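Trainee: I should like to go through this structure with you, beginning with its aromatic residues.
Mentor: Please put your questions once it is displayed.

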Protein chains: 2
Amino acid sequence: MRLVLVAGTTAVAAVEGISAAGAHPALMRHTPSADAEILVYGAPVAAPDGTTHPTPVSPEGCPTPAVMTRAAREVLGFDATVVDAGLAAPTGAPTVSLDAAPGRDVRDPEAVPDAHGIFERGRRLGRALPDDGPLLLGETIPGGTTTALGVLTALGHEVGVSSSLPENPLALKREVVAAGLDASDLEPGEAADDPLDAVRAVGDPVLAGVAGLAVGALDAGVEVVLAGGTQLVAAGAVVRGFSDAPLELATTSFVADSTPDLAAACSTLALDLTVTDPGFTDDHVATRHYRAGVGKEGVGMGGALALAAEHAALDDTRERIRLVYDRLLDGEGP
Amino acid sequence: MRLVLVAGTTAVAAVEGISAAGAHPALMRHTPSADAEILVYGAPVAAPDGTTHPTPVSPEGCPTPAVMTRAAREVLGFDATVVDAGLAAPTGAPTVSLDAAPGRDVRDPEAVPDAHGIFERGRRLGRALPDDGPLLLGETIPGGTTTALGVLTALGHEVGVSSSLPENPLALKREVVAAGLDASDLEPGEAADDPLDAVRAVGDPVLAGVAGLAVGALDAGVEVVLAGGTQLVAAGAVVRGFSDAPLELATTSFVADSTPDLAAACSTLALDLTVTDPGFTDDHVATRHYRAGVGKEGVGMGGALALAAEHAALDDTRERIRLVYDRLLDGEGP
C-alpha cells in the first residue's frame with residue numbers, strides 16, 4: 001500500500017476568492033509544501049534553507065485534509081511518497097522531482113508549457129515504482145479545481161467541480177476557464193483527442209504528474225486508486241486518453257454530496273467510484289468545519305479514508321485526527 | 001524511530017583500488033542513488049528522467065549493505081528519509097536536498113568548498129525533524145573512508161579507517177590523504193579547532209551533512225545514533241566541535257573486528273560504541289561475502305542491526321536479507 005502525493009502550485013490560486021487552501025492568498029504557495037511535511041512527518045518542519053510553512057488552514061480555520069490523511073497513515077502504516085510537480089516553496093519533506101515549474105495562470109496562452117515532459121517523467125516513475133499493493137494517487141495544489149474544470153471543459157466533459165469553500169465559486173471558475181480557453185484558442189471539447197494539450201493550455205503541473213503516474217502504474221499492471229475529488233476526475237479524463245485499464249476513484253462524501261455530476265462523470269470515464277463518509281461530528285473544530293462544507297477533500301483524503309474503512313479503522317482514524325490536529329494547532333482548542 | 005540516510009559522492013571514489021562500493025569504478029557514481037532506492041522501495045527504480053542504476057555489488061559480487069538495512073526496515077518498520085548531500089546521478093527515491101555538489105578530489109585545494117553551508121542546512125533539518133525516537137544517521141558514499149581518514153587526520157586523530165575491500169588499501173588512502181593535506185596547506189592536526197575546515201579541505205559533502213544533522217538533532221534534544229563505521233567516527237569527530245551531548249556509534253562486528261583503533265577512538269570522542277554481530281553464515285552469497293570481509297558496513301547497517309538485536313529480531317532480519325537479496329539479484333542464486 002502506497003500513497004503518492006503529487007504536490008505543486010498554479011498561479012490560478014492567486015485569483016481572489018477561488019480557493020480556501022490557505023488562510024490568505026499569499027500563504028497558499030506554502031500549502032503544498034506544508035501538506036507534504038504533515039503527511040511525511042506529522043507536522044510542518046523547516047526546510048534545509050530555513051523556509052518554514054504555517055499549517056494550512058482555511059480563512060475560517062478549517063485544517064488541511066493532510067491532517068485526515070496523516071491520521072489514517074498513522075493508524076494503517078502505509079508508505080507515503082511525495083512527488084514535486086511544481087512546488088513554489090522549498091519543503092523539508094523528501095520528494096521525487098518531476099522537474100516541473102509552478103503552473104502559470106490559465107489565462108496565459110500556455111498554463112503548463114512542459115505538460116508532455118512532466119507527464120512522461122511521471123509515467124516513467126509510475127512504471128518503476130514497486131508493486132506493493134494498490135497505488136493511491138493524491139494531490140495538493142491550491143486553485144486545482146479551477147484547472148480541473150479547465151481540463152474537463154477542454155476535453156468536452158460537462159462536469160461541475162468541487163470547492164474547498166462552502167459556497168463553491170463556480171461562476172468565477174467558469175469565467176477564468178472561459179478566459180483561459182480563449183487565450184489558448186480552444187473551444188470547449190476541442191482537445192478531446194489530445195488530453196495533454198488540454199493540460200498544457202488550461203491545466204496545472206499536478207494534473208500532468210498525476211496522470212503520468214497513473215498511466216505508468218497501469219502500464220506496469222499495478223492497481224491504481226485516484227484518491228480525491230473532481231481534480232482526480234480530471235486526471236482520470238487525461239488517463240483515459242492513454243489507458244482503458246480498470247481505475248478507481250475514491251473520494252469523501254463531502255465531495256460526492258456537493259457534486260451532483262460526480263457519479264455520471266465517473267461512469268462516463270469508467271472510474272469505479274468509492275465514496276467514504278468519515279462519520280465526522282460537530283464536537284471538534286477539525287471535523288466540524290468539514291461538516292460545514294469547508295475543505296472537503298485533498299492530499300488523498302478520500303482514498304486514505306476508504307482504506308481506513310476497508311480495514312475497519314475509521315473509528316481509530318477519527319480519534320487519531322484529534323491527536324494530529326492538536327499536535328499541529330495546539331492551543332486553538334476544539 | 002527514523003533512519004536518515006545521507007547520500008552523496010566524492011571524486012575520490014575514482015581512485016583505482018580505493019573502494020568496493022560498485023562492480024566497477026564507473027558504476028560507483030550510481031551506488032548512492034541505488035542504495036537510496038533500495039532503502040526506500042526495496043529495489044532500484046528508474047528515476048523520472050529514465051536513469052536506472054544497477055544494484056550495487058562489489059567486484060566479487062558482494063551486495064550493498066543497503067540489502068541488510070532494508071531487510072531490518074521491513075522487519076521493524078522504521079521510517080527512512082534520504083538526504084541528498086551531493087548525489088551525482090538522479091534517484092527515483094524521494095530526497096531532501098542539502099543543495100550540495102558532489103565532493104571534489106581531496107587532492108584539489110578544496111574538497112568541499114561549501115562545507116559550512118551544507119553543515120548549516122543539515123543542522124536546520126536536524127533541528128526540525130520530529131522527535132519520534134532515536135534518530136539513526138547513516139551514509140552512502142563510495143570513497144568515503146578515504147575522506148574520513150582525511151578529516152580524522154586533519155583533526156589530529158590517529159585512527160585507521162575501515163574498508164569495503166577485504167584487504168584494506170590503507171597505504172593508498174594515507175597517500176591520497178597526505179597529498180590532499182599538502183594541496184590544502186594543512187598539517188595533520190592543524191584543523192583540530194575547526195572541524196568544518198577539515199571537511200572543506202579533505203572531506204566529503206556527506207560528512208558535512210551527517211555532522212550537521214547530528215548537531216541539529218542534538219540541539220533539539222533528540223537522541224542520535226551514528227549508524228556506521230569509521231566514516232561515522234569522522235562525523236562524530238566533527239560533531240564534537242559543536243556538541244558534548246551523549247552520542248552513540250552503532251556499527252557491525254565486521255568493522256569492529258578489523259579496526260583495532262575503533263574502541264579507543266570512540267572513547268576519545270565520547271561515542272558510546274555498540275557493536276552488533278549479525279550472526280551471518282556461509283550458506284548464502286549475500287552473507288558469505290560479509291564473513292569474508294567484503295562490504296562490512298554502510299547505509300546505516302550497523303545501526304539497523306543494533307535495532308534488530310534490541311527488538312530480538314535478528315533471526316527475522318537474517319531471513320529477510322535472503323528475500324531482499326533474491327528480489328534484487330534474482331537468478332544469481334546462493
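Trainee: Which residues form one aromatic cluster with Phe254(A)?
Mentor: This is a predicted model, in which local features need pLDDT of at least 70, side-chain atom pairs count only at pLDDT 80 or more, and totals for chains, interfaces and linings use all residues. Residues are numbered from 1 along each chain as its sequence is written, chains are lettered from A and ligands numbered from 1 in the order in which they are written, and side-chain values use heavy atoms, with hydrogens and water left out. The partners of Phe254(A) in the cluster are Phe280(A) and Tyr290(A).

Trainee: Are Phe280(A) and Tyr290(A) buried or exposed?
Mentor: Buried means under 20% relative accessible area, exposed over 50% and partly exposed in between, with a 1.4 Å probe and protein chains only. By that criterion, Phe280(A) and Tyr290(A) are both buried.

Trainee: How many disulfides does a search of the whole structure find?
Mentor: A disulfide is counted when a pair of cysteine sulfur atoms lies within 2.5 Å. Cys62(B) is buried, at a relative accessible area of 3%, and Cys266(B) is buried, at 1%. Over all chains, the number of disulfides found is zero.

Trainee: How many residues of helix H6 of chain B are buried?
Mentor: Helices (H or I, at least four residues) and strands (E, at least two) are DSSP runs, numbered from the N terminus. Helix H6 of chain B covers residues 195-202, and its buried residues include Asp197(B) and Arg200(B). The helix is largely enclosed by the rest of the structure, because the buried residues number eight of the eight.

Terms used
Rings of Phe, Tyr and Trp (its six-membered ring) pair if their centres lie within 6.5 Å; planes under 30 degrees apart count as stacked, over 60 as edge-to-face and the rest as tilted.
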